[in-house]
Amino acid sequence: MNFHTRKWVKPEDLNPNGTLFGGSLLRWIDEEAAIYAICQLDNQRVVTKFMSEINFVSSARKGDIIELGMKATHFGRTSITLRAEVRNKITRKSILTVEKMVFVNLDENGEPAPHGRTQIRYADEAFARYRESSHPSAPAPDQNAATGENVLERVEADTMH
Ligand SMILES: CC(C)(COP(=O)(O)OP(=O)(O)OC[C@H]1O[C@@H](n2cnc3c(N)ncnc32)[C@H](O)[C@@H]1OP(=O)(O)O)[C@@H](O)C(=O)NCCC(=O)NCCS
């Protein structure tokens, strides 16, 4: 599972109990998952179809830094299923888990459309495809343009766009 997005828990994110408001967390998770699905399926038209039970494992407090993790667990014909976890960035203590989030790939008419994907797309693969199709002179994805240093980190393609 890749943990990309970090959030700093601020006063406006709290509930009256002084801990992170579940609604704020769910909004962040839904957006993070949608971005992940968009990048994996290479289509901006994806919608949330289903979320399984949400387990608020422990609370976060003002000032905590938390991180949001996603992993594709199943590629269907028109859907993609993700697992999500939020944890404290420093202590790694789990804050929330969602076992199943299903997103559906839509066509221009808003109808479910086959996405053709069967496995996780990695950022270097997505970049290589972009480079071949439109920017053949761009530096290789595993090279720092200035130093030539190999910087390849095999991360899932959810930080594109
Ligand atoms: C998304 C939507 C177009 C799908 O319509 P639908 O008639 O359910 O479509 P289908 O029956 O063809 O199912 C589409 C996919 O979703 C899956 N799916 C449908 N219902 C599901 C459920 N309850 N749980 C898990 N997966 C489900 C199907 O298995 C199928 O996946 P597959 O092709 O990979 O096998 C429609 O339900 C919709 O518009 N929902 C509202 C979405 C929305 O507004 N979300 C919130 C904002 S993003």
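Two strands pair if DSSP finds at least two bridges between them. Helices (H or I, at least four residues) and strands (E, at least two) are DSSP runs, numbered from the N terminus. The model is a predicted one: local features need pLDDT of at least 70, side-chain atom pairs count only at pLDDT 80 or more, and totals for chains, interfaces and linings use all residues. Residue numbers start from 1 along each chain as its sequence is written.

**Exercise 1. State how many helices and strands the protein chain has, and give their order.**

Step 1. The count is two helices and six strands.
Step 2. Along the sequence the pattern reads β-α-β-β-β-β-β-α.

**Exercise 2. Describe the pairing of strands E4, E5 and E6.**

Step 1. Take E4 (65–75) and E5 (79–88). These two strands pair in the antiparallel sense over nine bridges, and Glu67 has Arg87 in E5 as its bridge partner.
Step 2. Look at the connection. E4 and E5 form a hairpin with three residues between them.
Step 3. Go on to E6 (94–105). The pairing of E5 with E6 is antiparallel and runs over eight bridges; here Val86 has Leu96 in E6 as its bridge partner.
Step 4. The hairpin of E5 and E6 has five residues between the strands. In its turn, Arg92 has a positive phi of about 65 degrees.

**Exercise 3. Check the span of helix H1 and find which of its residues are buried.**

Step 1. The expected span of a helix is 1.5 Å times one less than its number of residues. For the 20 residues of H1 (residues 22–41) this gives 28 Å, and the end C-alpha atoms are 28 Å apart, so the two agree.
Step 2. Apply the burial cut-offs: a residue is buried if 20 or more other C-beta atoms lie within 10 Å of its own, exposed if 12 or fewer, and partly exposed in between, with C-beta atoms placed from the backbone. The buried residues of H1 are Leu25, Ile29, Glu32, Ala33, Tyr36, Ala37, Gln40 and Leu41.
Step 3. Seen down the axis of H1, the buried residues fall within an arc of 150 degrees (the arc of the directions from the helix axis to the C-beta atoms), so they line one face of the helix. An α-helix has 3.6 residues a turn, so residues three or four places apart point the same way.
Step 4. Turn to the face away from the buried side of H1. The exposed residues Gly23, Arg27 and Glu31 are found there.
Step 5. The buried residues of H1 pack against E1 (2–8), E2, E4, E5 and E6.

**Exercise 4. For Asp42 and Arg92, give the loop and the exposure of each.**

Step 1. Asp42 follows H1 and is found in the loop between H1 and E2. Its phi is near 55 degrees, a positive value in a residue other than glycine.
Step 2. Asp42 has 16 C-beta neighbours inside 10 Å and so counts as partly exposed.
Step 3. Arg92 is in the loop between E5 and E6. Arg92 is exposed, because 9 other C-beta atoms lie within 10 Å.

**Exercise 5. Sort the shell around the ligand by type and by strand.**

Step 1. A residue is near a molecule if its C-beta atom, placed from the backbone, lies within 6 Å of it. Among the residues around the ligand are Val47, Phe50, Arg77 and Pro112.
Step 2. Nonpolar residues are Ala, Val, Leu, Ile, Met, Phe, Trp, Tyr, Cys and Pro; Asp, Glu, Lys and Arg are charged; the others, Gly among them, are polar. The shell divides into five nonpolar, four polar and two charged residues.
Step 3. E2 (46–51) and E6 each supply at least two residues of the shell, and E2 gives the largest share, four residues.

Definitions and conventions:
Two residues are in contact if their C-beta atoms, placed from the backbone, lie within 7 Å.
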